[in-house]
Amino acid sequence: MTELQTNPGTTAPAPPRKKYAPAKDPLPGTNYHRLRKTIHVICVVIFITLPLLNIMRFDIPRQRFYFFGAELWINEFGIIFLSLMFCLFLVTAMAMIYGRMYCSYLCPQMIFSEASVTLEDKLKRWVNKRFIDLAVGTRIFISRSFFYAILLVASVFLAFIFISYFVEPRDLVHRLAHLDIKTAGGIAGAVTTLLTLIDFAFLRQRFCTTVCPYGYLQGILADKNTLLIDYRDETKMCIKCLKCVRVCPMGIDIRDSSHQIECTHCGECIDACSTVLGKLGKPTLIDYAWGATGLTVGQENAWYRKLGLRDAKRVIILLLVVLYASALYIAISMRQPVLVRIAPDRTNLYTIDNQHFVHNKFRLQLSNRGHSDTTLNLAIQGLADAHIIGLQLPLTLKPGAVEQQEFEIIADPSKVAPGVNYIHIVPQLSPDQKVEPFAETFIAPMDTPQSTTQQPTESKP
Ligand code: SF4
Ligand code: SF4
């Protein structure tokens, strides 16, 4: 396990609040800044579309978990467990193999922090250029006003998207339109907006090194084979231009150590050093490398070692990810959209009405987890001339609805065996879905004239 350090001489990391700029014209093939920004755009699109298109979100009021097209109900514990385990092992595998690359390439906190810094700098430059005649204090006031106004609108939008992961987005629009700060959803939206505003106005990357648990998790999971940013200068080629320090969004000097907890492995310092030393015909002193080995990705020959599968531990964790992904896929593909449950109610074994018909009571639970109406019919096998009362058949159920009803099977005592009759209740669903018949028992009194074949196993009430 590799021990991560904080900046020498500091107890708390102090990334700059603003003012860093990517290296200009990095060498071809090492433009990690452009790669990261492209991935950021894709991540923002994914971040917004996941809840709005119900691809992945956890609807708390309705107790539903949407996962890549499947609407899982909270009582589908098995599938939800597999989903959570899959996500857990995926995050663990990423941290173990690729270090904090998730932080700088994929994390919304980092993406919006960097966007906020860029916006503030651009606004400042624009105001300085546009209002050059005004006093410095006035220009600062104007640029700050613009910045906070834009940030407020962005915070409302981001809070809306974030809360959409837990509350139906259309419901949220309604609450937002009515400026609801009374209900739980409205209060959650207002608090999230405020926190988002504070976060992206003041905290930004400080969040990554103080609050976020992923950085600490990374410290536990990293070992000698985990990808990191490696600085090596055995031949003393560093010209001390400090370009790598100026471009660092986390405000650290990678030359102090390759194992600083603040380093999010973004690669901006690689761009910087390769640009500066490239102009002098020298190779970069900073590069992505596999932990303590110092081997860069390009120096590996085997494809699986290039991908980071460098020891048995990594192969095992990747196999676990594949295993959970496969189990999840199978569980979701075998999932039935309509759930039918039938169970006998044996409070009374049977009752007999005025016309001497025998009644047995059952309970039906029907859940429509699909996206269209479903219609249920029931048939009885193994009991001559029996029929169902107490249920309006066929029974139609809307998507998302649950129905719980009691019904009775009624039979002529002269046509059933005394005691226990083994029957099947056969559900028929439309649209067609295969449901196994329910093997049940129908209990008739023992003292009927035909009482010759079976002995009852239970007593009369
Ligand atoms: S040291 Fe380099 S890789 Fe690490 S955060 Fe700073 S710029 Fe990014
Ligand atoms: S960018 Fe490269 S050459 Fe310049 S200070 Fe950093 S490591 Fe040294």
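Reader: Which radius of gyration does the protein chain have, and what would a compact globule of 461 residues have?

Author: The radius of gyration is taken over C-alpha atoms, and the globule rule is 2.2 Å times the number of residues to the power 0.38. In this predicted model, for which local features need pLDDT of at least 70, side-chain atom pairs count only at pLDDT 80 or more, and totals for chains, interfaces and linings use all residues, the protein chain has 33 Å, where a compact globule of 461 residues would have a value near 23 Å. Its C-alpha atoms fill a box of roughly 110 × 55 × 35 Å along the principal axes. Residues are numbered from 1 along each chain as its sequence is written, while chains are lettered from A and ligands numbered from 1 in the order in which they are written.

Reader: How are two packed helices described, and at what angle do α6 and α7 cross?

Author: Two packed helices are described by the angle between their axes and the distance between the axes. Here the axes (lines fitted to C-alpha atoms over the stretch in contact, with angles from 0 to 180 degrees between N-to-C directions) of helix α6, residues 169-177, and helix α7, residues 184-203, come within 10 Å and cross at roughly 75°. The two are therefore roughly perpendicular (65 to 115 degrees) to each other. D171, L172, R175 and L176 of α6 meet G185, G186 and G189 of α7, with contact meaning C-beta atoms, placed from the backbone, within 7 Å.

Reader: Which residues come nearest to ligand 1?

Author: A residue is near a molecule if its C-beta atom, placed from the backbone, lies within 6 Å of it. Of the 14 residues around ligand 1, the nearest are C248, I254, C263, C266 and C269.

Notes:
Helices (H or I, at least four residues) and strands (E, at least two) are DSSP runs, numbered from the N terminus. Angles under 35 degrees count as roughly parallel, over 145 as roughly antiparallel, 65 to 115 as roughly perpendicular and the rest as oblique. Two residues are in contact if their C-beta atoms, placed from the backbone, lie within 7 Å.
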